[in-house]
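Colleague: Could you take a close look at one part of this model with me? I would like to go through the helical part and what lies around it.

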Amino acid sequence: MNLQIWDGSAYGCEVTVNNTREFIPLINDPAMTRAAVSAAEKVFLPGGVAMERLPITVSEDYA
């Protein structure tokens, strides 16, 4: 991991950073993803389900 941390001296501060890995990444099950997409395609108009998107980093409290 490449983090740049400024020392805070310009503001008369001391900076301490603790980096932890508290959350494991969510990896969607391929079969369940196909089932969800199939269901969504039945609900939304043709072209209403976009699968060409790049992955995004998000967070939730119930993974």
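How many helices and strands does the chain have?

Modeller: Happy to! Keep in mind that this is a predicted model. The chain has 1 helix and 0 strands. That helix, α1, covers residues 30-43, which makes 14 residues. At 1.5 Å a residue α1 should span 20 Å, and because its end C-alpha atoms are 20 Å apart, the expected and modelled values agree. At the N-terminal end of α1, D29 acts as the cap: one of its side-chain oxygens sits 3.0 Å from the backbone nitrogen of A31.

Moving to the segment before α1, we meet P25. P25 has a relative accessible area of 51%, so P25 counts as exposed, the cut-off being over 50%. The C-alpha atom of P25 is 9.5 Å from that of T57, although 32 residues separate the two along the chain.

As for the setting of this part, 5% of the 63 residues in the chain count as buried. The accessible surface of the chain is about 6800 Å², and carbon and sulfur atoms contribute 58% of that surface.

Methods:
Residues are numbered from 1 along each chain as its sequence is written. This is a predicted model: local features need pLDDT of at least 70, side-chain atom pairs count only at pLDDT 80 or more; totals for chains, interfaces and linings use all residues. Side-chain values use heavy atoms; hydrogens and water are left out. Helices (H or I, at least four residues) and strands (E, at least two) are DSSP runs, numbered from the N terminus. Buried means under 20% relative accessible area, exposed over 50%, partly exposed in between (1.4 Å probe, protein chains only). Accessible areas come from the Shrake-Rupley method with a 1.4 Å probe; for residues, only the protein chains shown count as cover. The expected span of a helix is 1.5 Å times one less than its number of residues. A polar contact is a pair of N or O atoms within 3.5 Å; within protein, one must be able to donate a hydrogen and the other to accept it, and residues adjacent in sequence count only if both atoms are side-chain atoms.
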